[in-house]
Amino acid sequence: MLNGNVAASTIKWAENGLIPAIVQDYYTGRVLMLAYVNEESLTFMQEKGETCFWSRSRKELWHKGATSGDIQKIKTMALDCDNDTLLIQVEQMGKGACHTGDYTCFGNEDGEFNILHHDFEIIKERAADPQKDSYTNYLLDKGIDKICKKVGEESAEIIIAAKNKNQQELTAEIADLTYHLLVLMHECGLRPRDVASELAKRL
């Protein structure tokens, strides 16, 4: 059974038998898309654990990613306070949620929760298209030993800042370590999502 399973009887269905569903990335909080759900698609999602919507244009069920491979594995579902809007948190697979090929249907939708992923994407861009005088490219060119050395140095500086009870310095040092960890993750073939997934297991 899905975490936060929703009973069809508790939903305030619209006259057309639909309810709007906001689809959100479980790990980053990014809003991926808006779609509509009827009782049949709700049952599908509860049984299969993947998103399925009602296509208002085609008048049929739409199993998201069935043909593209960009499926959405459901982590949780919940109703809003009025029981007339559904929130579906998912693990987005493949390229993303939008038919245009973008990760989200809302273009540059962003927020502070997504800053790690935003920074990671920039690191990926630097790796693919090196920029002159880029510190990221300097680290990537030097390789794993240099990156690990910087991670160690920043870790030590965090300890010093914490012992000194200097919040401003501690904030800056944690940001420095986080950046270098992102570079290390890229170097080792990991993604922020991988770490977020591991952290979610420990809740």
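## A pocket and its lining

In this predicted model, β2 gives the most to the lining of the second largest pocket, with four residues. A good place to begin, then, is with that pocket. Its space comes to about 470 Å³, and its lining is made up of 25 residues. Nearest the centre of the pocket lie Met-33, Arg-58, Trp-62, Lys-64 and His-99. The elements that give two or more residues to the lining are β2, β3 and β4, the last of these covering 60–63.

What is the chemical make-up of this lining, in nonpolar, polar and charged residues? It divides into 11 nonpolar, nine polar and five charged residues. For anyone who wants the general idea behind such a search, rolling a probe the size of a water molecule over the atoms shows where empty space is left.

## The largest nonpolar core

Strand β2 turns up again inside the protein. The largest nonpolar core has 19 residues, and those that touch the most other members are Met-33, Val-37, Met-45, Phe-53, Met-77, Leu-86 and Ile-88. Two or more residues each come from β1 (19–25), β2 (31–37), α1 (39–48), β3 (52–55), β5 (72–79) and β6 (86–92). Among these elements, β2 gives the most to the core, with four residues. Apart from this core lies another, of 12 residues, including Leu-140, Ile-147, Val-151 and Val-183.

Met-33 is worth a second look: this residue is among the core members that touch the most others, and it is also among the lining residues nearest the centre of the second largest pocket. As a general backdrop, nonpolar side chains in soluble globular proteins tend to be buried together.

## A closer look at Ile-88

Where does Ile-88 sit? Its place is in strand β6, and with 0% relative accessibility it counts as buried, because that value falls under the 20% cut-off. Leaving aside neighbours within four places in sequence, Ile-88 is in contact with Ala-21, Ile-22, Val-23, Gln-24, Met-45, Thr-51, Phe-53, Ile-74, Thr-76 and Met-77.

One of these contacts, Val-23, is 65 residues away from Ile-88 in sequence. In space, the two are 4.8 Å apart, C-alpha to C-alpha. Three others, Met-45, Phe-53 and Met-77, appear in the contact list of Ile-88 and also belong to the core residues that touch the most other members.

## Aromatic pairs

A pair of aromatic rings is described by the distance of the centres and the angle of the planes. The count here comes to three aromatic pairs. In one of them, the rings of Phe-53 and Trp-62 have centres 5.4 Å apart and planes at 55 degrees, so the pair is tilted. The two partners differ in their surroundings: Phe-53 counts as buried at 0% relative accessibility, whereas Trp-62 counts as partly exposed at 29%.

Tyr-135 and Tyr-138 make a stacked pair, with 5.9 Å from centre to centre and 25 degrees between the planes. Why are they separated by about one helical turn? Because they are three residues apart in helix α3, which spans residues 135–142. Tyr-135 is partly exposed, with a relative accessible area of 36%, and Tyr-138 is partly exposed with a relative accessible area of 36%. Together with Tyr-179, Tyr-135 and Tyr-138 form one aromatic cluster.

## Thr-136 in helix α3

Helix α3 also holds Thr-136. Is this residue buried or exposed? At 9% relative accessibility, Thr-136 counts as buried. Not counting residues up to four places away in sequence, Thr-136 touches Ile-123, Arg-126 and Tyr-179. The last of these, Tyr-179, is a member of the aromatic cluster described above.

## Two positive phi angles

Most residues other than glycine have a negative phi, and most peptide bonds are trans. Against that background, which phi does Asn-83 have? Its phi is positive, about 60 degrees, although Asn-83 is not a glycine. Asn-83 is found in the loop between β5 and β6 and is partly exposed, with a relative accessible area of 26%.

Lys-165 is another residue other than glycine with a positive phi, near 55 degrees. Its loop runs between α4 (144–163) and α5 (167–187). With 74% relative accessibility, Lys-165 counts as exposed, because this is over 50%.

Key: Residues numbered from 1 in each chain as written. Predicted model: local features only at pLDDT ≥ 70, side-chain atom pairs only at ≥ 80, totals over all residues. Heavy atoms only, no water. Core = buried A, V, L, I, M, F, W, Y, C linked by side-chain atoms within 4.5 Å. Buried < 20%, exposed > 50% of the residue type's maximum accessible area, 1.4 Å probe, protein only. Contact = heavy atoms within 4.5 Å. 1 Å grid on protein atoms, 1.4 Å probe; cavity = no way out; pocket = protein on both sides within 12 Å on 5 of 7 lines; lining within 4 Å. Points joined across faces, edges and corners; volume = space filled by probe spheres on them. Nonpolar A, V, L, I, M, F, W, Y, C, P; charged D, E, K, R; others polar. Phe/Tyr/Trp six-rings, centres within 6.5 Å; stacked < 30°, edge-to-face > 60°.
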